[in-house]
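Please read this briefing alongside the sequence and the coordinates. It takes up the domains, the ligand site, the nonpolar cores and two aspartates in turn.

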Amino acid sequence: MDESKWESFTVTFQDSVFFDLMEKFTRNRAGTGALVTFKDSSWFMSVVLAFQPHFRGQPEHVKVFWGYGLYPDNVGDFVKKRMCDCTGEEIMQELIGHLHFDAHKDEIMATANCIPCMMPYITSQFMPRLNSDRPKVVPEGSTNLAFISQFCEIPDDVVFTEEYSVRAARIAVYTLMGVNRPVEPINQYQYDVRTLLSGLVTSFR
Ligand SMILES: Cc1cc2nc3c(=O)[nH]c(=O)nc-3n(C[C@H](O)[C@H](O)[C@H](O)COP(=O)(O)OP(=O)(O)OC[C@H]3O[C@@H](n4cnc5c(N)ncnc54)[C@H](O)[C@@H]3O)c2cc1C
């Protein structure tokens, strides 16, 4: 678990104070930017402000976002506790510290509801392994058994993605049911000059 856990948290507000501050700071409207990662945070925190409303039926004045810390066993920079020992309120305090939003702390905290969630196996798909550790989607000789989701072996595909699970399911169904349809090919973006170039430009932005 020590090698595969993160702690995530979801936050709900009854007003747009935090979102307005984030928009000003990042110059992105919610849902138009990428993750905001605090690279110097000892918890290695990131937050993601998705397009609002995020949930069907979410009232217009309610705002929700998601965040996580990759090193939940480390002591925080503003809250001197390990992330895994913190309440939602303390996680918000740490976040406000990193964002330098202290002047608005009371306003932000007045309607914030932060719910932490420990995810002990979230990156277990990335653990070192041998090629023989995981079964193929349809093991050699199988006619009625297949493996789907993240722990079956699909050469060249990338785990921790929706695509991996969908591709595994397609391979399983098409193979076992004899469906004569090609499975979507895996895009080898790592060899695409345009992707490499834009990666290079982004690295030095
Ligand atoms: C925090 C987080 C962020 C992510 N972000 C992204 C992202 O940005 N992009 C991306 O592509 N992927 C992302 N992923 C990965 C992606 O969500 C998963 O890889 C994908 O959802 C896996 O789909 P699945 O159908 O294989 O498995 P799951 O969605 O896990 O479905 C498995 C289902 O089986 C059920 N189940 C388990 N045991 C039993 C049982 N014994 N009996 C009956 N049912 C059972 C579970 O309840 C669950 O509903 C993220 C994952 C997490 C956790």
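The points below are grouped by topic, after a short note on conventions.

This is a predicted model, in which local features need pLDDT of at least 70 and side-chain atom pairs count only at pLDDT 80 or more, while totals for chains, interfaces and linings use all residues. Residues are numbered from 1 along each chain as its sequence is written, and side-chain values use heavy atoms, with hydrogens and water left out.

**Domains**
- The domain assignment, whose bounds come from an automatic or database source, divides the protein chain into domain 1 (6-119) and domain 2 (124-177).
- Taken over C-alpha atoms, the centres of domain 1 and domain 2 are separated by 35 Å.

**Ligand site**
- The residues around the ligand (those with a heavy atom within 4 Å of it) are Trp 66, Ile 122, Ser 149, Gln 150, Phe 160, Thr 161, Glu 162, Glu 163 and Ser 165.
- Helix α4 (residues 162-177) supplies the largest share of this shell, three residues; helices here are DSSP runs of H or I with at least four residues and strands are runs of E with at least two, numbered from the N terminus.
- Polar contacts (pairs of N or O atoms within 3.5 Å) include one between the side chain of Ser 149 and an oxygen atom of the ligand at 2.5 Å, and one between a backbone N or O atom of Glu 162 and an oxygen atom of the ligand at 2.8 Å.
- A backbone N or O atom of Phe 160 lies 3.2 Å from a nitrogen atom of the ligand.
- Of the 1000 Å² of accessible area that the ligand has on its own, the protein covers 32%, as calculated by the Shrake-Rupley method with a 1.4 Å probe.

**Nonpolar cores**
- The largest nonpolar core (buried Ala, Val, Leu, Ile, Met, Phe, Trp, Tyr and Cys residues joined through side-chain atoms within 4.5 Å) has 27 residues, and those with the most contacts inside it are Phe 9, Phe 18, Val 47, Phe 65, Leu 95 and Ile 108.
- Two or more residues of this core come from each of β1 (6-13), α1, β3 (45-48) and α2 (88-99).
- Another core, of eight residues, lies apart from it and includes Ile 154, Val 159, Tyr 164 and Ala 172.

**Two aspartates**
- Asp 20 lies in helix α1 (residues 17-26) and is partly exposed, with a relative accessible area of 43%; buried means under 20%, exposed over 50% and partly exposed in between, using a 1.4 Å probe and protein chains only.
- Asp 85, in the loop between β4 (63-69) and α2, is partly exposed with a relative accessible area of 41%.
- Asp 85 and Asp 73 are twelve residues apart in sequence and 8.5 Å apart in space, C-alpha to C-alpha.

Conventions: Polar contact = N/O pair within 3.5 Å; in protein donor to acceptor, adjacent residues only side chain to side chain.
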